[in-house]
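Biologist: I should like to learn how to read the features of a structure that is new to me. May we go through it together, one feature at a time?

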Amino acid sequence: MSSERSINFSAGPAIIPESVLQKASKEMLNWNNTGMSLMELSHRSGPFKELIAKIEQDLIDLLKIPETHKVLFLQGGAHFMFSGVPLNLMGENGKGDYILTGNWSTRAMNEAKKYGKVNVVCKPDEFNKIPPKEEWNLSTDASYVYYCDNETVKGVEFPDIPDVGDVPLVCDMSSNFLSRPFDVSKFGCVYACAQKNFGMAGLTIAIVRKDLIGKQLPYTPMMLDFELQAKANSMFNTPSTYAIYIAGLIFDWLKEQGGLEEIAKINLKKCKLIYDAIDNSNGFYKSPVEIKSRSRMNIPFVCKNKEWESEWLEGAAKLKLVSLKGHRSVGGFRASIYNAMSYEGCEKLVNYMIDFMKTKEK
Ligand SMILES: *Cc1c(COP(=O)(O)O)cnc(C)c1O
């Protein structure tokens with residue numbers, strides 16, 4: 001890694017593989033012999049149409065997306081989908097079931113209330129765990145069941161896909177999309193914004209079961225209309241061409257890493273290293289999350305004395321370990337270790353955590 005680069009633990013926008021940035025930089029002035037930057041290229045041009053088709057196919061290959069599902073390249077971030085989900089999927093029964101496990105699922109539910117009824121399936125007293133299924137209160141008449149696979153702020157992740165029967169399952173995977181393989185066929189709709197795990201802000205990918213497309217409420221804005229976007233192959237208006245291109249470079253990088261199975265193994269090793277450091281610190285560091293709901297992507301932790309936090313952060317920054325301050329609602333620290341964070345980066349962090357502890361425990 002080039003020495004001027006920070007080891008960036010930001011929750012998002014987040015670290016991007018250096019080789020991807022280098023490739024983009026090399027192609028900046030003249031992409032693919034077009035004599036122009038990709039930013040300057042018409043989205044209706046042949047070369048761009050070929051590019052987006054290749055990128056879509058790469059995603060289909062990486063995730064083994066079945067024929068039953070359609071990939072959409074959308075905009076407006078994950079927030080736009082908080083509205084897009086009820087607008088497109090609530091029509092059936094006018095009601096959505098929401099599993100609340102953190103800030104993002106709660107925000108999505110509050111948005112859905114504008115368009116119909118919502119039912120809270122479960123909500124822990126504190127957002128530090130996934131409540132067990134025995135405590136869930138699923139409706140019998142919901143149009144869909146919604147959850148957030150990885151709650152980025154407090155670092156709570158579902159260990160596996162919840163079983164909700166025949167009701168379409170909808171998932172916000174913004175902060176762990178492509179971090180491990182998953183069975184797309186189990187979902188009515190999965191979506192993720194790009195700036196956490198596959199690139200830059202401006203792109204949101206949704207994968208929607210085809211038979212659920214075409215049920216949008218009559219006042220759905222055209223930009224959020226799955227049917228319109230699907231018919232136009234995500235080219236209804238100008239898509240975020242550069243963000244799509246960067247996502248494509250990251251899909252290439254993922255394939256070079258050996259695909260999602262391999263990435264999942266590395267991600268597991270990375271988070272284990274950091275959780276072990278926390279758990280073996282004799283209470284010097286603590287994770288506020290229940291062990292079986294701990295996120296592999298976002299690791300919040302605190303140290304024994306709150307007054308040491310700024311010193312800790314300054315010391316980390318001197319080693320180029322940056323963006324480790326906890327979310328403003330949580331405090332402490334948070335290490336986001338998306339796909340592009342290397343194992344070596346996590347090792348540097350853990351060594352620093354141990355060194356800092358030693359200076360205080362002398
Ligand atoms: C970051 C994030 C969001 C918000 O994303 P925007 O693109 O800023 O709207 C929503 N959900 C999850 C799980 C996130 O990590």
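**A buried serine, enclosed spaces and paired rings**

Modeller: Let us begin with a single residue: Ser105 is buried, with a relative accessible area of 0%. Please keep in mind that this is a predicted model.

Biologist: In which helix is the place of Ser105?

Modeller: Ser105 is in helix H4, which covers residues 103-112.

Biologist: How should I read the polar surroundings of such a side chain, and with which side chain does that of Ser105 make a polar contact?

Modeller: One looks for N or O atoms within 3.5 Å of each other. Here the side chain of Ser105 makes a polar contact with the side chain of Glu151, at 2.6 Å. The Ser105 side chain also reaches the backbone oxygen of Gly102, at 3.3 Å.

Biologist: Which residues is Ser105 in contact with, leaving aside its neighbours within four places in sequence?

Modeller: They are Tyr98, Ile99, Leu100, Tyr146, Cys148 and Glu151. Glu151 is thus in this list and is also the partner in the polar contact between side chains.

Biologist: Let us turn to enclosed space. How many cavities of 30 Å³ or more does a search of the whole structure find?

Modeller: A cavity is space where a probe fits but cannot get out. The search finds 2 of them here. The largest holds about 60 Å³, and the second largest about 30 Å³.

Biologist: What lines the largest cavity?

Modeller: Its lining includes Ile15, Ile16, Pro17, Phe198, Trp253 and Tyr338. Helix H5 (194-197) and helix H7 (241-256) each supply at least two lining residues. By class, the lining has 8 nonpolar, 3 polar and 1 charged residues.

Biologist: And what is the make-up by class of the lining of the second largest cavity?

Modeller: That lining has 4 nonpolar, 4 polar and no charged residues. Among them are Phe73, Met223, Gln229 and Asn237.

Biologist: Finally, how many aromatic pairs does the structure hold?

Modeller: It holds 20 aromatic pairs. One of these, Tyr285 with Phe301, is edge-to-face, with 5.8 Å centre to centre and 80° between the planes. Planes over 60 degrees apart count as edge-to-face.

Biologist: Why does this pair tie together parts that are 16 residues apart in sequence?

Modeller: Because Tyr285 lies in strand E11 (residues 285-286) and Phe301 in strand E12 (residues 298-303).

Biologist: Are these two residues buried or exposed?

Modeller: Tyr285 is buried, with a relative accessible area of 2%, and Phe301 is buried, at 1%. Ring pairs also link Tyr285 and Phe301 into a cluster with Phe284, Trp308, Trp312, Phe333, Tyr352 and Phe356.

Terms used
Residues numbered from 1 in each chain as written. Predicted model: local features only at pLDDT ≥ 70, side-chain atom pairs only at ≥ 80, totals over all residues. Heavy atoms only, no water. 1 Å grid on protein atoms, 1.4 Å probe; cavity = no way out; pocket = protein on both sides within 12 Å on 5 of 7 lines; lining within 4 Å. Points joined across faces, edges and corners; volume = space filled by probe spheres on them. Helix = DSSP H or I, 4+ residues; strand = E, 2+ residues; numbered from the N terminus. Nonpolar A, V, L, I, M, F, W, Y, C, P; charged D, E, K, R; others polar. Buried < 20%, exposed > 50% of the residue type's maximum accessible area, 1.4 Å probe, protein only. Polar contact = N/O pair within 3.5 Å; in protein donor to acceptor, adjacent residues only side chain to side chain. Contact = heavy atoms within 4.5 Å. Phe/Tyr/Trp six-rings, centres within 6.5 Å; stacked < 30°, edge-to-face > 60°.
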